[in-house]
Amino acid sequence: MSGDNKEIRFRGVGVSPGLARGVIHVVRDDLDDVARYHIEPSQIGNEIARFEAALVQTRVQILEMQQKIAEAIGAKDAAIFDAHLLVVEDRTLIDEVLRRLETERCNVEWVFQEVASNYAETLSKIDDPYLRERALDIQDVTRRIIRNLQGKAPKPMLSTAEPHILVAHNLTPSDTATMNRQLVLGIATDLGSRTSHTAIIARSLNIPAVVGLHDATEKLESGQHVLLDGYTGVLIVDPTPETLSYYGEIEVRKDQVTKELRQLREIPSTTSDGRHIVLSANIELPGDVEAVSENGAEGIGLYRTEFLFVNRDTLPSEEEQYQTYRRVAERVKPNPLIIRTFDLGGDKLAVGTVDVGDELNPFLGWRAIRFCLENIDIFKTQLRAILRASAVGNVKIMFPMISGLEELRHAKAVLDECRREVGEKKTAKMEVGAMIEIPSAAISADALAREVDFFSIGTNDLIQYTIAVDRVNERIAHLYEPTHPAVLRLLKMIADAAHANKIWVGVCGEMARDVALIPILLGLGIDELSVGARSVPRVKMAVRSLAVPECQQLVNEVLGLQTSSEILARCLELATKRYGDLLG
Ligand code: PEP
Ligand code: MG
């Protein structure tokens with residue numbers, strides 16, 4: 001945080017480009033003033049009874065909320081409320097309140113607030129992430145208990161009827177996916193990172209977002225005026241007239257660039273020396289399909305179907321999935337729709353009706369193809385729906401998180417079984433691909449390439465697993481480096497294995513939208529780039545400005561370099577020469 005005369009700046013990471021101006025809505029249950037008044041000794045019993053009733057009521061509310069969230073988005077998200085339940089049962093806290101009621105003879109909401117906030121403050125100062133989280137739990141539950149003592153209804157979590165910029169400690173992908181774009185002008189969170197699914201969805205929804213602001217929710221108050229800069233990751237409270245005019249100019253320039261980029265819509269994505277690079281869009285929700293052709297993408301390179309589970313407690317039936325896939329396929333045809341089978345788990349959604357349990361390392365756990373191969377009914381229902389949709393449009397299928405050949409063969413065998421069930425006549429020939437996003441798959445890409453029609457490289461996961469950097473942990477975000485020499489070597493192995501086996505290879509991770517890195521991808525011979533629809537025009541502009549031989553030369557050079565920063569510097573050099581404007 002920094003400040004001059006009036007304005008205060010919070011710095012984080014810009015994860016969804018754009019500017020937003022307006023009042024903020026901080027999502028924490030703000031405490032209303034708690035009055036202090038003396039009570040007679042004869043009233044102490046009454047205060048204790050009120051306190052006990054409020055604890056019971058709070059417990060019931062937390063259990064209800066936990067149930068609702070488990071049904072809507074899964075047990076894993078709901079498990080955070082276990083810590084809240086522990087607070088309601090915390091004997092140290094309760095005994096201290098009872099003791100101070102006797103000694104101070106004040107109303108119980110005041111005594112409770114004093115005790116709870118001292119307790120939370122002590123914990124928050126200890127240098128231990130677990131205890132700091134506990135402090136936040138205590139603050140949350142304290143607000144709830146006090147509102148119950150005051151006879152007020154609990155405050156709803158994310159709602160306000162006026163357009164606002166939402167400031168929250170953290171948001172789940174489903175919080176973001178269900179946001180009202182008309183009301184939420186921008187998003188700012190204490191936690192988060194560039195490749196978290198919350199960030200990816202914010203970009204899809206075209207909501208400017210800044211994450212990793214650390215303690216913004218503690219320092220900001222609802223109603224303050226801010227300017228949120230999703231390009232560079234700054235949140236400015238009470239911006240000065242100079243700041244506003246500076247950003248006004250930026251807005252004009254960005255509008256101009258957007259207009260110019262829009263003119264590229266019908267122009268092919270071809271390098272300056274004539275190589276066509278297929279440029280597709282990633283979508284999360286069927287509604288995102290509008291933006292695909294609007295931005296000049298040649299189809300959908302990644303449909304993240306697990307977002308069908310947002311806000312629901314039943315599994316989508318085969319018919320419902322078929323209708324959804326069919327509609328999307330029809331909208332983009334004759335261009336392809338690549339449907340990625342469910343990648344549930346990690347930071348995404350869990351299945352409401354299937355308990356995936358708590359896992360210590362969810363990103364290394366029971367997710368994606370691993371989950372589907374063991375929940376064969378869920379998997380087959382999806383595969384049948386995809387096969388049926390293949391008869392209607394240009395549908396391709398790909399499996400996420402393939403770690404080796406046996407897993408791929410297993411998934412393909414289930415697909416064949418489903419094809420027989422649906423009946424050959426009701427399906428069309430469909431390309432089958434593997435996502436390459438685990439180092440083991442990259443290293444055995446030559447074997448995998450012989451048994452699929454294409455590869456799609458999931459760089460978000462490939463980088464996280466290669467460097468062992470949790471992609472949603474903002475503390476280690478600086479270590480998440482797409483230009484790490486090890487990542488480049490893996491990318492080269494994948495691209496070479498694909499081409500040696502005469503299959504095409506695309507990149508659908510966020511690396512493909514980073515225009516500074518496109519020279520590397522082109523130099524490696526990547527055939528397709530798939531990015532959020534709104535990034536398509538910028539990527540097209542970059543592709544059109546580059547020639548393949550210069551990119552190949554760059555790759556030859558950077559493969560000999562030993563550090564991420566040297567490699568990045570070389571990429572930036574070429575990118576700046578060819579399209580400096582796009583980098584700003
Ligand atoms: C990836 O890992 O790069 C990818 C595209 O898949 P997701 O971001 O959905 O994990
Ligand atoms: Mg992935």
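1. A word on pairing to start: two strands pair if DSSP finds at least two bridges between them. Please also keep in mind that this is a predicted model.

2. With that in hand, the barrel is a good place to begin. Eight strands form a closed barrel in the order 10-11-12-13-14-15-16-17, and their pairing is parallel. From one strand to the next, the twist averages 30 degrees. Strand 10 (residues 278–283) meets strand 17 (residues 528–532) through five bridges, again in the parallel sense. If you would like one residue pair to look up, try Ala281, whose bridge partner in strand 17 is Val531.

3. Two helices that pack on the sheet are worth finding next. Helix 14 (residues 376–390) touches strand 12 (336–340) and strand 13 (394–399), and its direction makes about 155 degrees with that of strand 13. Helix 15 (residues 405–422) touches strand 13 and strand 14, and here the angle with the direction of strand 13 is about 140 degrees.

4. Which residues hold the magnesium ion (ligand 2)? The protein donors are Glu437, through OE, and Asp461, through OD, and they lie 2.0 to 2.1 Å from the ion. Glu437 sits in the loop between strand 14 (432–436) and helix 16 (439–443), while Asp461 belongs to helix 18 (residues 459–467); the pair, 24 residues apart, links distant parts of the chain. Both Glu437 and Asp461 are buried.

5. Helix 18 also has a helical partner. Its axis and that of helix 19 (residues 485–500) are 10 Å apart, and the two helices pack at an angle of about 125 degrees. Helix 18 and helix 19 are therefore oblique to each other, and their crossing is right-handed. On the helix 18 side the contact involves Thr459, Leu462, Ile463, Thr466 and Ile467; on the helix 19 side, Ala486, Val487, Leu490, Leu491 and Ile494.

6. Finally, do take a look at strand 4 (residues 19–26). Is this strand mostly covered or mostly exposed? It is mostly covered, with six of its eight residues buried. Strand 4 runs antiparallel to strand 8 (residues 225–229), and five bridges join the two; Arg21 stands opposite Leu227 of strand 8. Strand 4 is also joined to strand 5 (residues 164–168), by three bridges and in parallel. There, Val26 has Val167 of strand 5 as its bridge partner.

Key: Residues numbered from 1 in each chain as written. Chains lettered and ligands numbered in written order. Predicted model: local features only at pLDDT ≥ 70, side-chain atom pairs only at ≥ 80, totals over all residues. Heavy atoms only, no water. Buried < 20%, exposed > 50% of the residue type's maximum accessible area, 1.4 Å probe, protein only. Helix = DSSP H or I, 4+ residues; strand = E, 2+ residues; numbered from the N terminus. Donors = N, O, S within 2.8 Å, 3.2 Å for Na, K, Ca; no water. Axes fitted to C-alpha atoms, helices over the stretch in contact; angles between N-to-C directions. Parallel < 35°, antiparallel > 145°, perpendicular 65-115°, else oblique. Left-handed = near helix turned anticlockwise from the far one by under 90°. Contact = heavy atoms within 4.5 Å.
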